[in-house]
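Please find below a short note on the structure under discussion. It is written as numbered points, to be read with the sequence and the model at hand.

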Amino acid sequence: MNALYSLIAVLVLVAVAILGVQALGLQLFFGGILPYFAFAVFLAGVVFRIQRWARAPVPFRIPTTCGQQYSLPWIKSSYLDNPHTTTGVIGRMLLEILFFRSLFRNTRAGVEPGLKRVVYSPSLWMWIAALAFHWGMAILLFRHLRFFLEPVPQVVSAVIWADGFFQVGVPVFYITTFAFLLGLFYLLLRRLFIPQIRYISLPNDFFPLFLLLGIGTTGFLMRHVVKTDVVGIKEMMQGLVGFHPLVSEGVHYLFYTHIFLVCVLLVYIPFSKIMHMGGVFLSPTRNLANNNRMKRHVNPWNYPVKVHTYPEYEDHFRNKMKEAGIPVEKD
Amino acid sequence: MFYDAGKIFTGLAIFLVGATFPFWYAMAAGKTAYKPEPVFPTSTSQCVESTEQMIAGHMEILDDWRNEVVRRSDREPIEINGTAYPKSLSRGCGNCHADQTQFCDRCHEYAGVSPYCWECHVEGD
């Protein structure tokens, strides 16, 4: 049911865009006004979430330790999985952000046939699909800069060339189109068909998957099936970035559907689990060095404690100490 | 009260600049009002398909022609309204759209498309 609700929500959004453009003629609204609103909500929402996270104190080091802690120099420690230096933390964060090391660790418990014992084996499909989807999306977002930048920078052209390297079909199919869509599709199938994962999946797990699949599908159809007017679309995008929104005639309604779903995604990001794109940088279980005992960490909300230091104590009792023959540090 | 404000807000600033980069780029380049204007031939107003179909599907037509000519040796010209068009980029399309830089490249460069036609074809062939 959770999946169904999310699917229906995305289909309603698609219908809203198609009806709005085809029946009500709201091209300028969908293509020239709503994107500004969505982008503003996106930026403000992300800033709001990050500043709220920045207010949370993290008094002590709480990294998840996935290897031997640094103790004595001659005991080999795990520099990346249990880092005690900033360099180690940066290495760990890079591996996590770029290559999803924690997903790579995913294991599956099963009973080995014949042997009556539990065996843990690597389960890497989710890691592979997540890598394909996230990297596919990153590269295809970068590719989309050709619509937003005029003149198109060399580096964008170079990425487009590399992505279409296999020169299959006209217009060429991009590698990342398939990486993105297939990765996403696997992530959806796993929520639908693995019972344990289906049990814990909520509508807000399915909604972004369907939304992104909708964006990917409309994009695919625009490029490879209806072949809508790319120059017209770029003129509209240039209107957006130059703050003079306009509507190009003859652009297919799939384009408005595509951009409407993107707007919904932009508005949805700051208020949903997709904020993991900012949150991954701020995970205290990953971005802290395990140096609890090597460095002094002061709890920021400690109230000021009135202390009586030894020099003060000695000043206080010096005469009495001398009378009693107790050695003092200062005469 | 913020903790690690320096690191967090530096990261946030990088994100904001990156996300709004197209706006800054547009301001610096100042070309948002530019529209590509391919030069159409004056000799005739008819192509092998209507303008809309050519905009959407010219790459498919060329791909089909390439496959027919190169792979199946089928050089039978396309006949439309009594005019025969050879299935050739240089000798067919090029008859009317003589200048690649004035016609093809105008839109292709604008849209960031670099088709590999001219890896084999020499312009003006």
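The points below concern a predicted model, and they take up the interface, the charged pairs, the internal spaces and some backbone features in turn.

1. The interface between the two chains is a suitable place to begin. Here 41 residues of chain A are in contact with 35 residues of chain B. The area buried between chain A and chain B is about 3,300 Å², and carbon and sulfur atoms account for 72% of that area. Three residues deserve attention on the chain A side: A:Glu150, A:Val170 and A:Lys227 supply 17% of the area that chain A buries against chain B, more than any other three residues.

2. Polar and charged pairs also occur across this interface. The rule finds two salt bridges between chain A and chain B. In one salt bridge, A:Glu150 pairs with B:Lys31, with the closest N and O atoms 3.8 Å apart. In general, side chains of opposite charge can pair when their charged atoms come close. In addition, six residue pairs are in polar contact across the interface of chain A and chain B, with both residues at pLDDT 80 or more.

3. Which helices of chain A supply at least two residues each to the side that touches chain B? They are α2 (27-54), α6 (145-148) and α11 (230-241). The largest share, nine residues, comes from α2(A). By class, this side of chain A has 29 nonpolar, five polar and seven charged residues.

4. Over all chains, the count of salt bridges comes to 15. Within chain A, A:Arg101 forms a salt bridge with A:Asp81, and their closest N and O atoms are 3.0 Å apart. This pair links distant parts of the chain, 20 residues apart: A:Arg101 belongs to helix α4 (residues 101-104), whereas A:Asp81 lies in the loop between α2 and α3 (86-99).

5. Both partners of that salt bridge return in the description of the internal space. A search of the whole structure finds one cavity of 30 Å³ or more, and the largest cavity holds about 40 Å³ of space. Its lining consists of A:Leu80, A:Asp81, A:Arg92, A:Glu96, A:Arg101, A:Ser102, A:Arg105 and A:Arg286. Helices α3 and α4 of chain A each supply at least two residues of this lining. What is the chemical character of the lining of the largest cavity? Six of its residues are charged, one is polar and one is nonpolar.

6. The second largest pocket has a volume of about 340 Å³. Of its 14 lining residues, the closest to the centre are A:Asn106, A:Arg108, A:Ser123, A:Ile194 and A:Ile197. Strands β1 (107-111) and β2 (118-122), together with helices α5 (125-143), α8 (175-193) and α9 (195-199) of chain A, each supply at least two residues of the lining. The lining of this pocket divides into seven nonpolar, five polar and two charged residues.

7. Finally, the backbone of chain A should be examined at three places. The peptide bond from A:Glu150 to A:Pro151 is cis, with omega near 0°, and A:Pro151 lies in the loop between α6 and α7 (154-163). The peptide bond from A:Val170 to A:Pro171 is also cis, with omega near -10°, and A:Pro171 is found in the loop between α7 and α8. At A:Phe100, phi is near 50°, a positive value in a residue other than glycine; A:Phe100 is found in the loop between α3 and α4.

Key:
Residues are numbered from 1 along each chain as its sequence is written. Chains are lettered from A and ligands numbered from 1 in the order in which they are written. This is a predicted model: local features need pLDDT of at least 70, side-chain atom pairs count only at pLDDT 80 or more; totals for chains, interfaces and linings use all residues. Side-chain values use heavy atoms; hydrogens and water are left out. On a 1 Å grid over the protein atoms alone, a cavity is a set of points where a 1.4 Å probe fits but cannot get out, and a pocket is an open set with protein on both sides within 12 Å along at least five of seven lines; lining residues have an atom within 4 Å of a point. Grid points are joined across faces, edges and corners, and a volume is the space filled by probe spheres set on the points. Helices (H or I, at least four residues) and strands (E, at least two) are DSSP runs, numbered from the N terminus. Ala, Val, Leu, Ile, Met, Phe, Trp, Tyr, Cys and Pro count as nonpolar, Asp, Glu, Lys and Arg as charged, and the others, Gly among them, as polar. Contact means heavy atoms within 4.5 Å. Buried area is the accessible area (1.4 Å probe) that two parts lose on being put together, summed over both. A salt bridge is a side-chain nitrogen of Lys or Arg within 4 Å of a carboxyl oxygen of Asp or Glu. A polar contact is a pair of N or O atoms within 3.5 Å; within protein, one must be able to donate a hydrogen and the other to accept it, and residues adjacent in sequence count only if both atoms are side-chain atoms.
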